[in-house]
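Student: I should like to take a close look at one part of this model. Could you begin with a single residue and then explain what lies around the parts of the structure that follow from it?

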2 protein chains.
Amino acid sequence: MPSTSALPDTGKEAAHVPQYLALRDRIAEGIESGKLAPGGRLPSERQLQLDSGAARGTIREALFQLEAEGLIYRRDRSGWYVSPPPVTYDPTRWAGFMTYVTEQGRTPSTETLSTEEVPAAPAVADIFRVAPGSRLYVVTRRRLIDGRAVLVERITVDPKLAPGLCEHSLNGSLTQILSSHYGLAVVRNRMDMRPCALVKDVADGLGVKAGTPGLLVVRTSLDKQGRVVEYDQEYWRHDSIRVHVDLTVKD
Amino acid sequence: MPSTSALPDTGKEAAHVPQYLALRDRIAEGIESGKLAPGGRLPSERQLQLDSGAARGTIREALFQLEAEGLIYRRDRSGWYVSPPPVTYDPTRWAGFMTYVTEQGRTPSTETLSTEEVPAAPAVADIFRVAPGSRLYVVTRRRLIDGRAVLVERITVDPKLAPGLCEHSLNGSLTQILSSHYGLAVVRNRMDMRPCALVKDVADGLGVKAGTPGLLVVRTSLDKQGRVVEYDQEYWRHDSIRVHVDLTVKD
DNA sequence: TAGTGGTCTAGACCACAGA
DNA sequence: CTGTGGTCTAGACCACTAG
């Protein structure tokens, strides 16, 4: 019995591939083959609709998929773009953002969004071993690679260890300042990492939609006396970072 | 001029909150308040439709949002469920999965999906410093916490270091076996972590939809002589893991 | 078999970016 | 101003889970 389909029979009862995944594959191929360069812009959703004949919802499903994979990202109401490659982050090397991004042939930059002195919430007070309500410096910064915002961070520092910190220019290496101006040397580094969704605050700072996937890296830097030098919460775009650790085993 | 809206005026020109985010908030509140216990099931999408009056697409947007945040997960065509809390993973402690999951008051289990002997691809051959095409053991396992699959891993081992490995039961600690039966002691651990999307293979193993967000952890374990004891690619559900590292600074 | 989520359509109006 | 993505509706049929 002949097939009623106009399409050729593959001879294999191939598992049904949803349309949005087929579309995803086509776009991904365009990216991997280099037809679309990193930073380059994809055709608009409505254009893709015309090209593929699919409904816009289906198109968007394919785009969301690629976004989750880190292949593309969006600029709000501007369009979809091909993601640049991620940078590698090694927390065991005490090199700051500016250093390791440069080492990887990219151009880092930093913007200070705010510097405040705020009363310590109980959880933070506990970390710094100060009384709840004590004043702490909180610096909010945005860091960019090749002009694209990749992370928003919130750094907390105890003013007792670094009085007058906020008078410095904080657009360079904060580690550098803490070390050279205040003699604070970090000998221990505690880190927590977990996938998260970027909440509105952060998302706005990165110019992404609230709820897009991200990676939260929390670093606690300690000096020889075990004092907390720096408590840093970094919210990364999920497509911009790879963490690499090389370590000798304890236990 | 009086408002034509039937809704009370808040007095604040509150930023417009999309309907799906408002719905997200309502569900999130239900979870955080404990009305919905971890592992518990959410009302069906169609039920939520009746409750909220929104279109199903809007309901699903809210659910996707919560999924991205790690608050809920789905079982294909069965329903949406509240995510259990994540486990903390410390790569500097040489404790295996079975150990640290148990320590955190959860119940681990392991299933071996396959054990094969395959020719080394160039990239892998390079890691093991063997000729491309050399035979290597590849073990695929699924690991569960409290009966829920949280990761699929693909472990590669050089048969020269652990001949006959596949004859052992591999549902326990592989590290243990390598140590006690073959005298292979790991002294160095290299790790790479990055957010990813789970491809079909892995997604099927975890019982999730292809493309859901995940975390890829690649571990390379080395012994005193610098030989690769174990090369392990772990694909985690993104809501199931937190990585914690505590280290002394090199540079 | 009944109910669930998975996929898909074909519209609509909006807020905002950018020329 | 035009075009972009962001949100939303109201349907439809399918594949699969689970009782």
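Tutor: In this predicted model, B:Ser78 counts as partly exposed because its relative accessibility is 28%, and that class lies between the limits of 20% for buried and 50% for exposed. The residue sits in the loop that links β1 (72-75) and β2 of chain B. Along the sequence, B:Ser78 is separated from B:Asp239 by 161 residues, and their C-alpha atoms are 19 Å apart in space.

The strand that follows this loop leads to the DNA. Strand β2 (79-82) of chain B is one of the elements that give two or more residues to the surface near DNA strand C. That surface holds 24 residues, and those that come nearest to the strand are A:Gln19, A:Ala55, A:Thr58, B:Arg46 and B:Arg56. Of the atoms of DNA strand C that come within 4 Å of the protein, 69% belong to sugar and phosphate. By residue type, the surface is made up of 13 charged, six polar and five nonpolar members.

Individual contacts show both chains taking part. In chain A, a polar backbone atom of A:Ala55 is 2.8 Å from a phosphate oxygen of DNA strand C. In chain B, an N or O atom in the side chain of B:Arg74 is 3.1 Å from a phosphate oxygen of the strand, whereas the side chain of B:Arg56 places an N or O atom 2.8 Å from a base nitrogen. Besides β2, the elements that give two or more residues to this surface are α2 (45-52) and α3 (56-68) of chain B, together with α1 (19-32) and α3 (56-68) of chain A.

For chain A, an unreviewed UniProt entry lists residues 17-85 as "domain: HTH gntR-type". That span is 51% helix and 12% strand, and its end C-alpha atoms lie 28 Å apart.

Other parts of the model bring in later residues. A:Asp246 belongs to strand β10 (residues 241-248) of chain A, and it counts as buried because its relative accessible area is 18%, under the limit of 20%. Its side chain makes a polar contact of 2.8 Å with the side chain of B:Arg188.

The largest nonpolar core has 34 residues, of which A:Trp236 and B:Trp236 touch the most other members. In soluble globular proteins, nonpolar side chains tend to be buried together. Beyond its neighbours within four places in sequence, B:Trp236 has contacts that include B:Val87, B:Phe97, B:Leu151, B:Leu215 and B:Ile241.

Conventions. Residues numbered from 1 in each chain as written. Chains lettered and ligands numbered in written order. Predicted model: local features only at pLDDT ≥ 70, side-chain atom pairs only at ≥ 80, totals over all residues. Heavy atoms only, no water. Core = buried A, V, L, I, M, F, W, Y, C linked by side-chain atoms within 4.5 Å. Buried < 20%, exposed > 50% of the residue type's maximum accessible area, 1.4 Å probe, protein only. Contact = heavy atoms within 4.5 Å. UniProt positions renumbered as here; feature names shortened; annotations may be inferred. Helix = DSSP H or I, 4+ residues; strand = E, 2+ residues; numbered from the N terminus. Near = heavy atom within 4 Å. Polar contact = N/O pair within 3.5 Å; in protein donor to acceptor, adjacent residues only side chain to side chain. Nonpolar A, V, L, I, M, F, W, Y, C, P; charged D, E, K, R; others polar.
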